[in-house]
Amino acid sequence: MIIRAVNSVDATSATVEEIPYNLLLKIRDRIFREVKGVNRVLYDLSCKEPATIEYE
């Protein structure tokens with residue numbers, strides 16, 4: 001599973017929004033508890049260009 005937080009006004013450009021590390025740990029723990037079959041949680045820091053808002 002990949003966590004990606006971006007902020008966009010027009011869907012053609014986006015900035016990466018920072019998620020505090022302690023919140024990432026809480027999100028990770030909840031995903032592991034509640035979503036069967038997940039064995040890895042990643043945090044995507046890619047901004048738009050070269051990445052797109054939609055995860056590919």
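This text leads from the overall fold of a predicted model to the residues at its core.

The chain contains 1 helix and 4 strands. Read from the N terminus, these elements follow the order β-β-β-α-β. Of the 56 residues in the chain, 16% are buried. The accessible surface amounts to about 4600 Å², and carbon and sulfur atoms account for 53% of that surface. Among contacts between residues at least 6 apart in sequence, 62% link residues at least 24 apart.

The interior may be approached through the largest nonpolar core, which consists of 5 residues: Ile3, Ala5, Ile19, Leu24 and Ile31. In soluble globular proteins, nonpolar side chains tend to be buried together.

Isoleucine 19, a member of this core, lies in the loop between β3 (15-16) and α1 (21-34). Isoleucine 19 is classed as buried because its relative accessibility of 13% falls under 20%. Beyond residues up to four places away in sequence, isoleucine 19 touches Ile3, Ala5, Leu24, Ile27 and Tyr43. Alanine 5 is 14 residues from isoleucine 19 in sequence, and their C-alpha atoms are 7.6 Å apart.

Isoleucine 3, another core member, has contacts that include Ile19, Leu24, Ile31 and Asp44, once neighbours within four places in sequence are set aside. Aspartate 44 is located in the segment after β4 (42-43). With a relative accessible area of 13%, aspartate 44 is therefore buried, the limit being under 20%. The side chain of aspartate 44 also forms a polar contact, at 3.2 Å, with the side chain of arginine 4.

Methods. Residues numbered from 1 in each chain as written. Predicted model: local features only at pLDDT ≥ 70, side-chain atom pairs only at ≥ 80, totals over all residues. Heavy atoms only, no water. Core = buried A, V, L, I, M, F, W, Y, C linked by side-chain atoms within 4.5 Å. Buried < 20%, exposed > 50% of the residue type's maximum accessible area, 1.4 Å probe, protein only. Contact = heavy atoms within 4.5 Å. Helix = DSSP H or I, 4+ residues; strand = E, 2+ residues; numbered from the N terminus. Polar contact = N/O pair within 3.5 Å; in protein donor to acceptor, adjacent residues only side chain to side chain. Areas by Shrake-Rupley, 256 points an atom, 1.4 Å probe, with all protein chains shown as cover.
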